[in-house]
Amino acid sequence: MGFNRTSVLVAVISLYFPASVMAQADQTVKDNLQYTLQVPYPVEKISSSPKKARIKNVVLMIGDGMGLTQVSAAWIANRGQLYFEQFTHTGLSKTTAANKLITDSGAGATAMASGQKTIYHAVGVDTVGRDLATLTDIAHKKGLATGIVVACSLTDATPASFAANNIDREEEEEIATDFLESKVDILFGGGRRFFNRRKDQRDLLKEMEDKGYEVITSSTDFLNSSQSKILAVVENGQLDIAPKRGPVFQEASIHTLNLLKARKKGFFALLEGSRIDDMGHMNNLPGVVEEVLDFDQTIGRVLKWAAADGETLVIVTADHETGGLTLLDGDISTGRVSGKFSTGGHSGVLVPVYAWGPGAELFTGIYENTELFHKIITLLGKKVNGE
Ligand SMILES: [Zn+2]
């Protein structure tokens with residue numbers, strides 16, 4: 001605590017300028033950021049439990065860098081209500097990497113994707129670089145359809161941990177070539193340049209077409225497609241941040257569930273709220289809250305979809321927390337939240353797990369992130385990766 005020159009300056013300025021000007025000024029104050037959500041959205045009640053006990057589909061939603069404070073900040077901003085609160089079962093996940101207390105998205109997502117702890121910055125490989133079978137690989141072998149929807153590049157660490165194998169997450173051109181063999185049916189995200197502007201001059205978009213994929217480069221075309229195998233790389237880099245990108249992540253997620261359900265055999269889908277992490281790295285509290293609110297509205301749509309389906313398990317968790325965010329003040333009645341970050345990197349706190357639908361009771365308790373894989377595999381009825 002204590003006053004510094006910047007906070008005194010802001011306090012003085014606030015006497016002379018209206019709130020809208022202050023909102024911008026706040027973003028320059030790195031140690032105590034504020035955000036107010038102007039227009040909250042209503043949270044509808046989802047019918048509580050599916051009629052059938054059978055589990056056919058699994059939707060895993062990962063909020064990258066989303067700890068409890070990120071969720072709490074969004075909850076305050078939206079006047080004390082979120083779709084998060086409708087989950088029936090909750091747990092806590094321990095996120096450490098094999099060789100580091102504070103993990104990254106590669107080791108964090110690989111643990112969830114494969115059931116094995118790996119080293120910092122590895123994706124889809126074990127600690128010595130051997131390929132791991134992931135949830136999408138195993139689901140495909142079982143005859144299930146699979147899908148990945150992200151707001152970052154498809155070659156970024158989280159999706160790469162499910163669909164690629166590389167000891168170094170930075171090798172995004174190498175990771176892109178792994179999609180040729182990944183067998184994931186529906187792929188939606190950014191990162192087109194890693195497919196078609198490569199050092200080796202290969203055109204992976206053409207090669208994916210040759211593999212039977214419809215290759216799509218705009219969100220609108222994706223939402224209008226009913227093909228069963230799609231590579232949608234709708235941006236050269238990442239998708240824009242919320243709310244600038246509009247509801248595209250929400251809509252692409254639901255469209256993907258509809259496409260996968262049409263395959264009739266059941267499916268596994270990974271939906272990642274990718275950019276919560278980026279906003280945490282930037283210590284941008286408004287950005288963090290806007291991203292979590294977009295993720296929460298996606299959760300609302302997914303839960304409604306799952307309630308209508310009746311055979312779908314929905315799990316929401318994170319790979320790690322980003323920013324060491326603390327909430328210091330706020331007002332639920334006005335949607336104002338005030339917080340402080342302690343790092344520009346990740347932190348080592350446990351992250352929440354939320355579950356809803358058939359099998360949700362398995363996700364209560366405190367466990368390693370690798371257990372998420374084992375619980376999902378148990379529900380899908382098959383043992384792998386050396387078990
Ligand atoms: Zn990060």
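## Close-up views: aromatic pairs, charges over rings and helix α4

**View 1. Ring pairs join F84, F87 and Y354 into a cluster.** The model is predicted. Across the whole structure, a search turns up six aromatic pairs. Two further views show individual pairs in detail.

**View 2. F162 and F268 form a stacked aromatic pair.** The ring centres lie 6.3 Å apart, and the planes differ by 20°. Planes under 30 degrees apart count as stacked, so this pair qualifies. F162 belongs to helix α6 (residues 157-163). F268 belongs to strand β8 (residues 267-273). The pair therefore links distant parts of the chain, 106 residues apart. Both F162 and F268 are buried.

**View 3. F188 and F222 form a tilted aromatic pair.** Centre to centre, the distance is 4.9 Å. The angle between the planes is 45°. F188 sits in strand β5 (residues 186-190), while F222 sits in helix α10 (residues 219-224), so the pair ties together parts 34 residues apart in sequence. F188 is buried, as is F222.

**View 4. Two lysines lie over tyrosine rings.** The charged end of K100 sits over the ring of Y120, at 4.4 Å from its centre. K375 lies over the face of Y367, with 4.4 Å to the ring centre.

**View 5. Helix α4 (residues 105-114) is mostly covered.** Ten of its ten residues are buried. Among them are S105, G106, T110, M112 and S114. The buried residues of α4 pack against three strands, β2 (57-63), β9 (312-317) and β13 (346-347). They also pack against the helices α5 (135-141), α6 and α14 (370-380). Helix α6 also holds F162 of the stacked pair.

**View 6. D104 caps the N-terminal end of α4.** A side-chain oxygen of D104 lies 2.9 Å from the backbone nitrogen of G106. Just after α4 comes G115, with a positive phi of about 80°.

**View 7. The side chain of S114 has polar atoms close to two backbone atoms.** S114 is found in helix α4. Its relative accessibility is 1%, so S114 counts as buried. The backbone oxygen of T110 lies 2.7 Å from a polar atom of the S114 side chain. The backbone nitrogen of Q116 lies 3.2 Å from a polar atom of that side chain. T110, like S114, is one of the buried residues of α4.

Key. Residues numbered from 1 in each chain as written. Predicted model: local features only at pLDDT ≥ 70, side-chain atom pairs only at ≥ 80, totals over all residues. Heavy atoms only, no water. Phe/Tyr/Trp six-rings, centres within 6.5 Å; stacked < 30°, edge-to-face > 60°. Helix = DSSP H or I, 4+ residues; strand = E, 2+ residues; numbered from the N terminus. Buried < 20%, exposed > 50% of the residue type's maximum accessible area, 1.4 Å probe, protein only. Lys NZ or Arg CZ within 6 Å of the ring centre and 35° of its normal. Contact = heavy atoms within 4.5 Å. Polar contact = N/O pair within 3.5 Å; in protein donor to acceptor, adjacent residues only side chain to side chain.
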